Amino acid sequence: MTTTSVPIGAAILRGEQGPLAVVLSGKSLAGSGGAERRFFRLWAYLVERGIDCLLITNASLLRSAERAGIFTKHGGKEHVEVVDDSFALSRALAIYRVIRRRRCRLIHLPLAAKRLIPLYALLQVTPGIRVTHTVTASYFAHKVPVSLGTRLLSRWLWSMSDRIDSLYHGFLNLYAEPLGFASKVSVSPCSFTDIEKYSRTCLKEDLIVFAGALVAEKNPLLLIEALGILSAAGVRFRAIVAGSGPLAGAVAARTSDLALSDRVEIGAFPDMSDIFCRSSIFVSLQQTENYPSQSLLEAMAARNAVVATAVGETGLLVRHGETGLLVGSNASELAEALKELLGHPRLREKMAIAAQSLIMREHRLERFADYMIAFWADALA
C-alpha cells in the first residue's frame, strides 16, 4: 500500500498522557457490521504507523473479525484489550475498568449501543476523559421514523461528546443545527475499504450479489422479485444473497415460490472477498441510503458494476451510467437494469472499471485516517 505522511496532529496523539481508545462492542460481522469493519481497519492502520491507539472489544466480535480476515494482533496485547461476552452491565464495567487502568484520555464510540449505556454514564461523570462519537445511522440524515429509545440514546451521546464525526451531510441540517451543536460536528470526506484485498485480478462470472442484513430497510425481497422477472423472461443468471436477519425466512420462501432455488444461493459469509472477486454485478437496494455501505465499497473495489436505489447520498458512489445504474424501488425497473448489464458485458465491464477507479482514487484508508487523526487532535486540543 502506498501511504501518505501522517499529519502534524499525530504528534498530539503520541503524547505521554495515555492512549486514545476505540470501543467496539457487538456479536458478529457476518452479513452486516460495516461500521465495526471500518474501525477495525482504521485501528490497525493507526497502530502500524505508531499512533497510540487502543482497541477495546469483546470476544465474540473479535473472533468474527478474525474470521472475516480484517483483524490481526498489531502490536500484540499492548494495543488490544478484550472483555468477555457478558451481560450489558458487566461488559460496560469491564470496558470502563480497562479505560481507567490504561489511563485513556480519549474514547471514541463508533456506534450508539444500548448495551453500553452504563459505560456512557460512567464516562460522563469521569473527569479528564474526552469522548468522541461517529454517527453511522443513515436514518439521522433523513426524515424517517426513529424510535423514541434510539432518539434519546443518540441525543445523550451527542450532548456528552466533545466532537462528533458524521458520515452524512444531512445530519447537520436535520439534527445538529436545530439542536444547536453543529459547531462540534465534522462530516467525513470519504469512507474506505481494503483496496488491496478486493482489487486482485480474477475471472469474472455472470454473478449478481446482494450483501447486507436481511431487514426491510435493505430490501432483499425486492431483489428476489426482480430475479423472478428475469427468470420468467428466460434471462440466464446466478445470484448470491449474503446476509442474515429477520427476513431470512421470507427471502428463502419467496425464492422457493419463484422456483429460483437452483439459481440463488442464500447464506451468511464472514469474508466476501472471494465472492466479490468472482461477481460482476452488485445490488444495493436500501430504502433511504446506500452511502457509504461497506459492502458497496468492497464490491466496487473488486470491480463490480452496481445497481442501486436512487436514494440519499448514494450518488457519491454510484454515478448513473458511469459506475452503475440508479433505479427506483420497484421490481420491474430493477429487473430491467440487471437485464441491461447481463446482456451487455462490455458496458458492464466499463462501469466496473470506473467503479474500481473511483474507490481507489477517492475512498482510501489513508485519506480517512488523516481526517480522523485531525478530528481527534482537535478534540484533545
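1. Helices here are DSSP runs of H or I with at least four residues, and elements are numbered from the N terminus. By that reading, Ile117 belongs to helix α5. Note that the model is a predicted one. Ile117 is partly exposed, at 35% relative accessibility; that value lies in the range between the buried limit of 20% and the exposed limit of 50%. Setting aside neighbours within four places in sequence, Ile117 contacts Leu153 and Trp156. Its C-alpha atom is 18 Å from that of Leu106, eleven residues away along the chain.

2. Now the overall dimensions. The chain holds 15 helices and 13 strands. Its radius of gyration is 21 Å, close to the 21 Å from the globule rule for 381 residues, so the chain is as compact as a globular protein of that length. Along the principal axes, the C-alpha atoms fill a box of roughly 65 × 45 × 40 Å. Of the 381 residues, 56% count as buried. Take the contacts between residues at least 6 apart in sequence: 76% of them join residues at least 24 apart.

3. Helix α4 covers residues 88-101. Does its length fit the ideal rise, or what span should 14 residues give? At 1.5 Å a residue the helix should span 20 Å, and its end C-alpha atoms are 20 Å apart, which agrees. The buried residues of α4 are Arg91, Ala92, Ala94, Ile95, Tyr96, Val98 and Ile99. An α-helix has 3.6 residues a turn, so residues three or four places apart point the same way. The cover over the buried residues of α4 includes strands β1 (20-24), β2 (53-58), β3 (80-83) and β4 (106-109), together with helix α5 (117-124). After α4 comes Arg103, with a positive phi near 55 degrees.

4. Strand β4 is covered on both faces. Leu106 and His108 lie on one side, Ile107 and Leu109 on the other, and all are buried. β4 pairs with β1 in the parallel sense, over three bridges. In that pairing, Val22 stands opposite His108 of β4. β4 also pairs in parallel with β5, over four bridges. There His108 stands opposite Thr132 of β5. The chain gets from β4 to β5 by way of α5, and this β-α-β crossover is right-handed.

5. Strand β5 (residues 130-135) then pairs with β6, again in the parallel sense, over four bridges. His133 has Ile164 of β6 as its bridge partner. The connection from β5 to β6 runs through helix α6 (residues 148-160), in a right-handed β-α-β crossover.

6. Strand β6 spans residues 163-166. Arg163 and Asp165 point one way, Ile164 and Ser166 the other way, and all are buried. β6 and β7 pair in parallel over three bridges. Ile164 is the bridge partner of Val185 in β7. Helix α7 (residues 170-179) completes a right-handed β-α-β unit with β6 and β7.

7. Ser186 sits in β7. Is Ser186 buried or exposed? Its relative accessible area is 14%, so it counts as buried, the limit being under 20%. Leaving out residues up to four places away in sequence, Ser186 touches Arg163, Ile164, Asp165 and Ser166, and also Tyr371 and Phe375. Those β6 residues are themselves buried.

8. Ser191 lies in the loop between β7 (185-187) and α8 (195-198). Loop or not, Ser191 is buried, with a relative accessible area of 0%. Which side chain does the side chain of Ser191 meet in a polar contact? The partner is the side chain of Arg38, at 3.3 Å. Beyond residues up to four places away in sequence, Ser191 touches Arg38, Tyr291, Pro292, Gln294, Leu297, His363 and Arg364.

How values were computed
Residues numbered from 1 in each chain as written. Predicted model: local features only at pLDDT ≥ 70, side-chain atom pairs only at ≥ 80, totals over all residues. Heavy atoms only, no water. Helix = DSSP H or I, 4+ residues; strand = E, 2+ residues; numbered from the N terminus. Buried < 20%, exposed > 50% of the residue type's maximum accessible area, 1.4 Å probe, protein only. Polar contact = N/O pair within 3.5 Å; in protein donor to acceptor, adjacent residues only side chain to side chain. Contact = heavy atoms within 4.5 Å. Pairing = 2+ DSSP bridges. Right-handed = clockwise from strand over helix to strand, strands pointing away. Expected span 1.5 Å × (residues − 1). Rg over C-alpha atoms; globule rule 2.2 N^0.38 Å.
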